[in-house]
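Thanks for coming. I will walk through one structure today, a piece at a time, starting with a turn and ending with the chain as a whole.

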Amino acid sequence: MKNIFYWSRLSLIAIIVFVFALIVTAGQSGDFTYDTVNGSEVTVTDYTGSEGAVVIPGTIGGLPVTSLTSTFNGCPSITSVTIPASVTTVGSLTFASCTKLAEIKVDPLNPFYRSDALDEAPYFDGVLFNKSRTTLITYPGGKVGSYVIPSSITSIGNRAFTCEITVDVNNSSYSSVDGVLFNKTRTKIIQYPMDKAGDYVIPPGVTSIGDYAFDNCTSLTGITIPTGVLASNGTYAGKVKITWTAVPGATSYNVYRTEVTTIAPNPKPDRMNIDADGKIILVTDTFYYDATAEAEVAYTYWVDADYNGAYQSSLSLGSNGKVSVTTVTTLAAPTMKSVSNGEGAF
């Protein structure tokens, strides 16, 4: 009995120790905010300092620093960052919106990442790659000038660029047009440069858009919006038909309705193309019927273009429409003129 009690107690202690080992605990070391994971490694989650050149420590509290998440996201001051040999994971938001970051350095002993230049390929310098230089992970947001993606690159990280992009003509996976990154066949937009200003027209032939293609593109003033929007004005009984011109590259459209106005609503109102369960109905044609319009009520209709669910354009110009008003005509009762009284024969 004592042995059973002893082993039960020992098992309980082991379970408690195991559970506590899985708990993530937060801490602060100098300018670095971090999480201790599994009691054995450290993830650096934030940088709170103001230095220009930042060196990430290889250990914190005696534990190796293995991961970077959104560590430097939006840091306005940093100009260079040095990654230690212990880091095995760099998140896609680690260096997001670092507008002055001109160089990323990696300890040569790091088995996963590198940023050193080659004599014959100086374009590798200061740019973060995987160890074999087949994946471009981050191009520093403060690095001056445009950039030519080497022919060896077969994969590009999300949010990798802020500058305009040029692809080596010998690259078998990617291409570029006017600084915008495409797949080789130019049917998919991979990334639009965050710093590229002005409007953008999706080229003909584009059938899909990457999940983060237009993420943080604050200088982008607009993507092609539907034109020629026209709502029927009393043409149909019980419904309004809205039509528009197809947008190159758009995979579907959304239709919106407001009270009559000449000002585009901001934010956008609720979509019309929603089913009873609140799910989006994909509108792939260039027309839509509003069967919920009330009689004798005028509405303004708006349309936007949807690009594979990753981005919606601004609203089109509005068009006023309403259902027809059906007039019921009451027929007059016939008037009796005369009735024969036995005259005539069959």
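Look at the hairpin made by strand 2 and strand 3: three residues lie between the two strands, and Asn 38 there has a positive phi near 60°. Before I go further, please keep in mind that this is a predicted model.

Now the strands on either side of that turn. Strand 2 covers residues 32–37 and strand 3 covers residues 41–47; they run antiparallel and are joined by six bridges. One facing pair is Val 37 with Glu 41 of strand 3.

Strand 3 also has a partner in strand 6, residues 63–68. Here the two run parallel, and the number of bridges is three. In this pairing Thr 43 is opposite Ser 67 of strand 6.

Next, a sheet elsewhere in the chain. Which strands form it, and in what order? It is an open sheet of three strands, ordered 4-7-9, with parallel pairing. Its edge strands are strand 4, residues 53–55, and strand 9, each of which pairs on one side only. On average, neighbouring strands in this sheet are turned by 15° against each other, with direction ignored. Strand 7, residues 80–83, is linked to strand 9 by four bridges, and these two strands run parallel. Within that, Ser 80 is opposite Glu 103 of strand 9.

Follow the chain on from strand 9 and you come to my main residue, Asn 110. Asn 110 sits in the loop between strand 9, residues 103–106, and strand 10, residues 113–114. Is Asn 110 buried or exposed? Its relative accessible area is 0%, and the cut-off for buried is under 20%, so Asn 110 counts as buried.

What does the side chain of Asn 110 reach? It comes to 3.5 Å from the backbone oxygen of Ala 85. In addition, a polar atom of the Asn 110 side chain lies 3.0 Å from the backbone nitrogen of Tyr 113. If we set aside neighbours within four places in sequence, the residues in contact with Asn 110 are Ile 83, Pro 84, Ala 85, Ser 86, Val 87 and Lys 131.

Now to the aromatic residues. The structure holds 13 aromatic pairs. One of them is Tyr 139 with Tyr 147: the ring centres are 4.6 Å apart and the planes are at 45°, so this pair is tilted. Both of these tyrosines are buried. Another pair is Phe 287 with Tyr 289, which is edge-to-face, at 6.1 Å centre to centre and 70° between the planes.

How exposed are Phe 287 and Tyr 289? Phe 287 has a relative accessible area of 35%, so it is partly exposed. Tyr 289, at 32%, is partly exposed as well.

There is also an aromatic cluster, made up of Phe 32, Tyr 47, Phe 72 and Phe 95. Phe 32 belongs to strand 2 and Tyr 47 to strand 3, so this brings us back to the hairpin strands.

Last, the chain as a whole. How many helices and strands are there? The protein chain has one helix and 28 strands. Of its 346 residues, 37% are buried. Taking contacts between residues at least 6 apart in sequence, 43% of them join residues at least 24 apart. The accessible surface of the chain is about 19100 Å², and 56% of that belongs to carbon and sulfur atoms.

Methods: Residues are numbered from 1 along each chain as its sequence is written. This is a predicted model: local features need pLDDT of at least 70, side-chain atom pairs count only at pLDDT 80 or more; totals for chains, interfaces and linings use all residues. Side-chain values use heavy atoms; hydrogens and water are left out. Buried means under 20% relative accessible area, exposed over 50%, partly exposed in between (1.4 Å probe, protein chains only). A polar contact is a pair of N or O atoms within 3.5 Å; within protein, one must be able to donate a hydrogen and the other to accept it, and residues adjacent in sequence count only if both atoms are side-chain atoms. Contact means heavy atoms within 4.5 Å. Two strands pair if DSSP finds at least two bridges between them. Axes are lines fitted to C-alpha atoms, for helices over the stretch in contact, and angles run from 0 to 180 degrees between N-to-C directions. Accessible areas come from the Shrake-Rupley method with a 1.4 Å probe; for residues, only the protein chains shown count as cover. Rings of Phe, Tyr and Trp (its six-membered ring) pair if their centres lie within 6.5 Å; planes under 30 degrees apart count as stacked, over 60 as edge-to-face and the rest as tilted.
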